[in-house]
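Please open the model in a viewer and set the backbone to a cartoon representation. The tour proceeds by selection, with a description at each stop.

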Amino acid sequence: MLTREFVLSFREAAPYINAFRGKTFVMAINGETVRDGRFPSLAKDIQLLVSLGVRIVLVHGARWQIDTLAQRAGHAQVFHGDKRSTDSKTLELVKQAVGYTRHEIEAALSASMRHVPVQGSQLRIAGGNYLTAQPVGVLDGMDMQYTGSVRRIDTEAMQARLDAGELVLVSCIGYSPTGEAFNLTMEEVATQIAIALKAEKLLFMVDSQGVTNSRGEFASTLTAQEAEALIASGNLSGDVAAYMPCAVKAVRQGVARAHMIGRFDDGAILEELFTDGGNGTMLARDPLVKVRNASIDDIGDIIDLIRPLEEQGILVKRSRELLEMEIKSYSVLEHDGKIFGCVAMHPFPDAGMAELACLAVSQQKRDAGFGEELLKHVEYLARAQGMASLFVLTTQTAHWFVERGFVAADISQLPLGKQQLYNYQRRSKVFIKPLH
């Protein structure tokens, strides 16, 4: 049983491994992750990603470490919102905190990679003055002093190190052309780097599993528009509230995906990246679900979808040749570029009716509402072609269609051409839905 689970998991991960090879991921981790002693476990997953050909830029924060040093020194901290006003004394504490945190990260990443394909090798870590910073200035009358923002990123230097197979480690300190140091926020640095490098993903490790929506429900995926609505609602809290605007900015400016992944769940980053269900919350600029016309290249995916249902007797068996002949009648549903559902529509213009056939959704997405999306798509196509009603023949899913407006009917109510093809041995039930 365990062997079978491994095989299925590996097959599920394989397309993602292939898709991510050579892509750039920018990962942001806060100082709490290092404080809690959880980073060594995360470091193993980062090493594995690098061994699979993923180009990693790791940006770390040190807020907790700075706060701790300031408290020990009895040096009061002043904030403008979530942004620290950095005076000269605090800047010295920032340098100490960043140095310590960076040391802990490098130590964990430098451990022998015994658990990855390149056994016994060591991950090379690249650092440098990649960031040019500038002072934030005065905000609402408060002088932010040595608190800065990103002015420029040396993307050529970063790309050179990534091309060499190294991990680029970036701290939350930037330097001005005159040699002054400025305290930067981890989330701004990570976001600006992801945009500048045109990264495939921006990953934030957060205290929660991910994001909850306005109803308090966990949201595995969000569009930029949905995320902006959550920000405006004021219902977000903690680090998610701090990182979400940055995630939205990133996807709005060309980063393919941004993720909020729980830092307390061992292996969460691998589950989020290499499984269909994921683990945290993924943010994209546009909706991840798309229904489109099928093409001949989709035949293999359609066969994989319908084969289990054919074996259970839920769908009539269809040969590859028949699917190829009728492919123009099929539509497929994609989620983040991967096919998870299919459906066919066969029109009977003389009767003003259309048949919905071969509706199938992948097992792992049965509760994602993809069946409804495919049904809506077929209804739209049927209306566009002037059909007055939609019918379906089914043996085991009658309740699903009844719940969605279909009414039981007699075979005599089908188009004459369909009546002549009716399989009396299968004895499928007939259901019709008006398309008013």
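**Stop 1: helix α11**

Select the buried residues of α11, which are Ile299, Ile302, Ile303, Leu305, Ile306, Leu309 and Glu310. The coordinates come from a predicted model. An α-helix has 3.6 residues a turn, so residues three or four places apart point the same way. Next, display the surroundings: the cover over these buried residues includes α12 (320-325), β20 (330-335), β21 (338-348) and β22 (353-361).

Now select residues 299-311, the whole of α11. From the first C-alpha to the last, these 13 residues reach 18 Å, close to the 18 Å expected at 1.5 Å a residue. Where does α11 bend? The bend, of about 30 degrees, is at Leu305, and Pro308 follows within four residues. Just past the end of α11, select Gly313, whose phi is positive, at about 80 degrees.

**Stop 2: aromatic pairs**

Show the aromatic side chains. A pair of aromatic rings is described by the distance of the centres and the angle of the planes. The model has 10 aromatic pairs, counting rings whose centres lie within 6.5 Å. Begin with Phe20 and Phe25: the ring centres are 5.2 Å apart and the planes stand at 75 degrees, so this pair is edge-to-face. Phe20 counts as buried at 7% relative accessibility, and Phe25 counts as buried at 0%.

Then select Phe340 and Phe370. Their ring centres are 6.4 Å apart with planes at 50 degrees, so the pair is tilted. Phe340 belongs to strand β21 and Phe370 to helix α13 (residues 370-384); the pair thus links distant parts of the chain, 30 residues apart. Relative accessibility is 2% for Phe340, which counts as buried, and 4% for Phe370, which also counts as buried.

Return to Phe20 and Phe25 and add Tyr16 and Phe274: ring pairs link these four residues into a cluster.

**Stop 3: the eight-stranded sheet**

Select the open sheet of eight strands, ordered β5-β10-β2-β1-β13-β17-β18-β16 with mixed pairing. Its edge strands, β5 (125-126) and β16 (221-223), each pair on one side only.

Within the sheet, select β1 (residues 24-29) and β13 (residues 201-206), which run parallel and are joined by four bridges. Which residue of β13 is the bridge partner of Val26? The partner is Leu202.

Add helix α8 (residues 224-233), which packs on the sheet, touches β16 and β18 (281-284), and makes about 90 degrees with the direction of β16. Finally, select helix α9 (residues 238-252), lying across β13, β16, β17 (257-262) and β18 and running at about 175 degrees to β13.

Technical notes:
Residues numbered from 1 in each chain as written. Predicted model: local features only at pLDDT ≥ 70, side-chain atom pairs only at ≥ 80, totals over all residues. Heavy atoms only, no water. Helix = DSSP H or I, 4+ residues; strand = E, 2+ residues; numbered from the N terminus. Expected span 1.5 Å × (residues − 1). Bend = angle between axes of the 7 residues up to and from the residue. Buried < 20%, exposed > 50% of the residue type's maximum accessible area, 1.4 Å probe, protein only. Contact = heavy atoms within 4.5 Å. Phe/Tyr/Trp six-rings, centres within 6.5 Å; stacked < 30°, edge-to-face > 60°. Pairing = 2+ DSSP bridges. Axes fitted to C-alpha atoms, helices over the stretch in contact; angles between N-to-C directions.
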